[in-house]
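Welcome! Open your viewer, get your selection tool ready, and follow along one stop at a time.

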Amino acid sequence: MRKESGMGTQRGGRHIVILTGAGVSAESGLGTFRDEDGLWSEYDLEEVATPEGYAANPALVLDFYNQRRANCREAAPNPAHFALARLAKEYPGRVTLITQNIDDLHERAGSPEVLHMHGEIMRARCADCEARPAWTGDITLKSGCAQCESVGRIRPDVVWFGEMPYFLDEIAELLSEADLFVAIGTSGAVYPAAGFVAEASRHGADTLELNLERSEVSAYFEETRLGEAGILVPAWVESILKYG
Ligand code: OAD
């Protein structure tokens, strides 16, 4: 454990940096990507999650994300989301939550600050003026931008393969300061997020993985606990709040 971190000792505890993936929302009924019945077994990633796919067939891509938005509206946070919100509120040190998820279940569970590195499904983005308005309904080819008044230039505010994730500078700084890095419900198949454990570890953080099965980067973690996030995460939060 790093003892010298100013951030970590500010309120008497460590600085915990958490990375979540689709597995944390699986028990809320939102599909993961790479599990047997995952989204990438049903849809072609190149067609629906790349700028080239969008250029080739924007209606298909908008439909795909309209469905994700509808599913998100219907889903509710599960015990894993609530436990992470509780940790942020009750832990005496600093807790930072980075998510690859585009759903808003962390926020709806009460997490005060969430870095959505792959964007947010409940937001749109204007390709002309870069406005990022909250967007709860469908996006269509006729959707207009309230800021610059262009029409047909609105897309979901999600990061596609080949695009730059959000918050990378901020995340690099967080990983360099972390005393404990915890990854929850992520397969470790997609970079740069899959590389965060090695980065945090290089800077001296302890590392813990909570996942249903071993991930592609399990070997980089000091400890891996296997099971469902809805069980593992509340138990881990309970122990951290009790023993630090
Ligand atoms: P994946 O679908 O790749 O991995 C989900 C992980 O969660 C797997 O390792 C599962 O074993 C685990 N899992 C499933 N159910 C679980 C449960 N109930 N409790 C705990 N773990 C569970 O999803 P991500 O790693 O989040 O990016 O995928 C990363 C990125 O790839 C996504 O953000 C998305 C995707 O393509 C973009 O679209 C840009």
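This tour goes from the ligand to a group of strands and then to two spots in loops. Keep in mind as you look around that this is a predicted model.

**Stop 1: the ligand**

Select the ligand and show what lies around it. How many residues surround the ligand? There are 24, and the closest are A22, F33, R34, T186 and S187. Try colouring this shell by class: you should find nine nonpolar, 10 polar and five charged residues. If you display pockets, look for the largest pocket, as that is the space taken by the ligand.

**Stop 2: contacts of the ligand**

Now zoom in on the oxygen atoms of the ligand. Select S187, where an N or O atom of the side chain is 2.6 Å from a ligand oxygen. Go on to E213: here an N or O atom in the side chain lies 3.2 Å from an oxygen atom of the ligand. At Q100, look at the backbone instead, since a polar backbone atom of Q100 is 3.2 Å from a ligand oxygen. How much of the ligand does the protein bury? Taken alone, the ligand exposes 790 Å², and the protein buries 95% of that.

**Stop 3: three strands**

Switch to a cartoon view and select residues 15–20, strand β1, together with residues 94–99, strand β2. These two strands pair in the parallel sense over six bridges. To see one matching pair, pick H15, which stands opposite R94 in β2. Next add strand β3, residues 114–116, which runs parallel to β2 and is joined to it by three bridges. Here, choose L97 and find its bridge partner in β3, V114.

**Stop 4: two loop details**

Most residues other than glycine have a negative phi, and most peptide bonds are trans. Now visit two exceptions. Select Y191 and P192, which are joined by a cis peptide bond with omega of about 10°. P192 sits in the loop between β6 (180–184) and α10 (196–202). Finally, select E130, a residue other than glycine with a positive phi, near 65°. You will find E130 in the loop between β4 (119–126) and β5 (154–158).

Definitions and conventions: Residues are numbered from 1 along each chain as its sequence is written. This is a predicted model: local features need pLDDT of at least 70, side-chain atom pairs count only at pLDDT 80 or more; totals for chains, interfaces and linings use all residues. Side-chain values use heavy atoms; hydrogens and water are left out. A residue is near a molecule or strand if one of its heavy atoms lies within 4 Å of it. A polar contact is a pair of N or O atoms within 3.5 Å; within protein, one must be able to donate a hydrogen and the other to accept it, and residues adjacent in sequence count only if both atoms are side-chain atoms. Accessible areas come from the Shrake-Rupley method with a 1.4 Å probe; for residues, only the protein chains shown count as cover. On a 1 Å grid over the protein atoms alone, a cavity is a set of points where a 1.4 Å probe fits but cannot get out, and a pocket is an open set with protein on both sides within 12 Å along at least five of seven lines; lining residues have an atom within 4 Å of a point. A molecule sits in a cavity or pocket if more than half of its atoms lie within 2 Å of its grid points. Ala, Val, Leu, Ile, Met, Phe, Trp, Tyr, Cys and Pro count as nonpolar, Asp, Glu, Lys and Arg as charged, and the others, Gly among them, as polar. Two strands pair if DSSP finds at least two bridges between them. Helices (H or I, at least four residues) and strands (E, at least two) are DSSP runs, numbered from the N terminus.
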